[in-house]
Amino acid sequence: MISQYVIIYIQIFFKFMEIEKSQFDKQLDELLEKEKISRSINDHLQSSNLLKQIATLCYETQHYDALNENISNLMKKRGQSKKAQIDLVQLAMSWLPNFKD
């Protein structure tokens with residue numbers, strides 16, 4: 001009896017995690033699309049704000065692998081303004097004391 005309840009609980013838990021992950025992915029994809037558009041029209045202020053929003057979304061939802069991947073990818077984008085890159089790095093560096101080795 002108890003094992004059936006545990007199995008049901010685990011299944012519900014993983015379904016909830018899938019919903020949460022898909023919501024995160026949807027928000028991230030939306031922000032990345034906006035960033036691509038703002039970068040292509042050379043809107044440096046909007047690009048900077050979007051880079052910080054992308055990083056903040058990953059940090060606040062504790063998707064640290066996604067945070068690392070997105071920072072790396074966004075820094076390599078051709079046409080990315082230096083100001084936006086500097087703002088992103090400064091934001092990420094402000095979170096470093098919160099991480100432990």
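In this predicted model, Gln-85 counts as buried because its relative accessibility is 11%, a value under the 20% cut-off for burial. Gln-85 is part of helix 4, and, when its neighbours within four places in sequence are left aside, the residues in contact with Gln-85 are Leu-51, Met-75 and Gln-80.

The contact between Gln-85 and Met-75 belongs to the meeting of helix 3 with helix 4, in which Leu-67, Ile-71, Leu-74 and Met-75 of the former face Gln-85, Leu-88, Val-89, Ala-92 and Trp-95 of the latter. Sorted by class, the residues of this contact comprise eight nonpolar ones and one polar one, with no charged residues. The axes of helix 3, spanning residues 64-76, and helix 4, spanning residues 82-95, come within 10 Å and cross at roughly 160 degrees; since angles over 145 degrees count as roughly antiparallel, the two helices are therefore roughly antiparallel to each other. The crossing of helix 3 past helix 4 is left-handed.

Helices 3 and 4 also take part in the largest nonpolar core, to which helix 1 (2-40) and helix 2 (44-60) likewise give two or more residues. This core holds 17 residues, of which Phe-24, Leu-28, Ala-55, Cys-58, Leu-67 and Trp-95 touch the most other members. The greatest contribution comes from helix 2, with seven residues. For Ala-55, with neighbours within four places in sequence again left aside, the contacts are Leu-67, Leu-88, Leu-91 and Trp-95; among them, Leu-67, Leu-88 and Trp-95 also appear where helix 3 meets helix 4.

Terms used:
Residues are numbered from 1 along each chain as its sequence is written. This is a predicted model: local features need pLDDT of at least 70, side-chain atom pairs count only at pLDDT 80 or more; totals for chains, interfaces and linings use all residues. Side-chain values use heavy atoms; hydrogens and water are left out. Axes are lines fitted to C-alpha atoms, for helices over the stretch in contact, and angles run from 0 to 180 degrees between N-to-C directions. Helices (H or I, at least four residues) and strands (E, at least two) are DSSP runs, numbered from the N terminus. Angles under 35 degrees count as roughly parallel, over 145 as roughly antiparallel, 65 to 115 as roughly perpendicular and the rest as oblique. A crossing is left-handed if the near helix is turned anticlockwise from the far one by less than a right angle, and right-handed if clockwise. Contact means heavy atoms within 4.5 Å. Ala, Val, Leu, Ile, Met, Phe, Trp, Tyr, Cys and Pro count as nonpolar, Asp, Glu, Lys and Arg as charged, and the others, Gly among them, as polar. A nonpolar core is a set of buried Ala, Val, Leu, Ile, Met, Phe, Trp, Tyr and Cys residues joined through side-chain atoms within 4.5 Å. Buried means under 20% relative accessible area, exposed over 50%, partly exposed in between (1.4 Å probe, protein chains only).
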